[in-house]
Number of protein chains: 2
Amino acid sequence: MKEYLQPSTILAPIPAVMVSCGNMEQANITTIAWTGVLNSEPPLVYVSIRPARYSYHIIKETKEFVINLPDEALVWHTDFCGTKSGKEIDKFREAKLTKEPCKQIKTPGIKECPINLECKLKEIKPLGSHDMFIGEIVNVNAKSDLIENGKINIAKANLITYLGNQYYVANKKIAERGICLK
Amino acid sequence: MKEYLQPSTILAPIPAVMVSCGNMEQANITTIAWTGVLNSEPPLVYVSIRPARYSYHIIKETKEFVINLPDEALVWHTDFCGTKSGKEIDKFREAKLTKEPCKQIKTPGIKECPINLECKLKEIKPLGSHDMFIGEIVNVNAKSDLIENGKINIAKANLITYLGNQYYVANKKIAERGICLK
């Protein structure tokens, strides 16, 4: 029934996000699937980045980053920003993405993404191949048409998820939370 | 176009996993969405748990846990194990789930889940409302029918993802990784 396999990081589905860093003049974008929520009070998230990545040193210096959640229409851009290096090209320009000023930090978000999480770096935790950047969410921006009664209806956003080297949209609703109480 | 909202942990879609802890005689299961991959070498993952949770103290003591990835057929069980407390009930028995011995640790996995990640606790990092449990994956178990050429075809597993208080399956493939190179 079951087989044993070598230890590997086979956790899925996971988010595919575009992380922006830098400032309005000079910025970069990197695509990351190794991200998640750590804590609610304060609201903490993380992104894990290899030290060889161009964004690594920018975030280390500016102590800020934006987690931009891409939707289905941005799958090419998401792939592009995870494939090319910011050492060689200006990804905002090449991918035709627009820098959008943030409210609480100097790093620009990506205008085309429906949701942007502005983060202030709290800690860098080296783990081996990657360093974990722990960030506190200091502001959330969302497209107006996703907001219902002051809250984001995130299921409407067609966000991208990463599953076995492929990009998916989670579009099959199977149950509400609390189904076991009914 | 965009509106500012209060800081909140609105990162999605994220995995919905069942974390088992304890031993073959006495075990518990808790459902967690705050989990993710941290590092590849060594393979590190985390789960964030509130200290008030029953599983918190079990994992702290045994220094082991299993991340069990549930599929669509287990959505009721996933919801149940995230709603009830192990202080009051034996969740394996009540949810009719089966303890499956692990290879590298004493904690049982959940047999019905198609994939199980056996984890040894490396560190507990208190963050405020939650503590982050960092675990090293020491073995992976997967159902035979998911394995193709020695690798898991994870897209075949119909794993559950959590999106805005609802359970989804990511079943709409939108692109392969590397689409920008074509």
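This report describes how chain A and chain B meet in a predicted model, and then a sheet that contains strands from both chains.

## The contact between the chains

Chain A and chain B each bring 77 residues to the contact. On the side of chain B that touches chain A, the most is given by strand 11 of chain B (residues 131-143), which supplies 8 residues. Sorted by class, that side of chain B holds 44 nonpolar residues, 22 polar residues and 11 charged residues.

## A sheet with strands from both chains

Strands of a sheet pair through backbone hydrogen bonds, and the pairing can be parallel or antiparallel. Here, 4 strands make an open sheet with antiparallel pairing, in the order 2(A)-14(A)-15(A)-16(B). Which strands stand at the edges? They are strand 2 (14-15) of chain A and strand 16 (172-176) of chain B. Each has a single partner strand, so one side of each is left without a neighbour in the sheet.

At one of these edges, strand 2 of chain A pairs with strand 14 of chain A (residues 160-162) through 2 bridges, in the antiparallel sense. A:P15 has A:T161, in strand 14 of chain A, as its bridge partner.

Helix 2 of chain A (residues 75-83) packs on the sheet. This helix touches strand 14 and strand 15 (166-169) of chain A, as well as strand 16 of chain B. The direction of helix 2 makes about 45° with that of strand 16 of chain B.

## Another pairing across the chains

Strand 16 of chain A (residues 172-176) pairs with strand 15 of chain B (residues 166-169). The pairing is antiparallel and runs over 4 bridges. Within strand 15 of chain B, B:Y167 is the residue opposite A:A175.

How values were computed: Residues are numbered from 1 along each chain as its sequence is written. Chains are lettered from A and ligands numbered from 1 in the order in which they are written. This is a predicted model: local features need pLDDT of at least 70, side-chain atom pairs count only at pLDDT 80 or more; totals for chains, interfaces and linings use all residues. Two residues are in contact if their C-beta atoms, placed from the backbone, lie within 7 Å. Ala, Val, Leu, Ile, Met, Phe, Trp, Tyr, Cys and Pro count as nonpolar, Asp, Glu, Lys and Arg as charged, and the others, Gly among them, as polar. Two strands pair if DSSP finds at least two bridges between them. Axes are lines fitted to C-alpha atoms, for helices over the stretch in contact, and angles run from 0 to 180 degrees between N-to-C directions.
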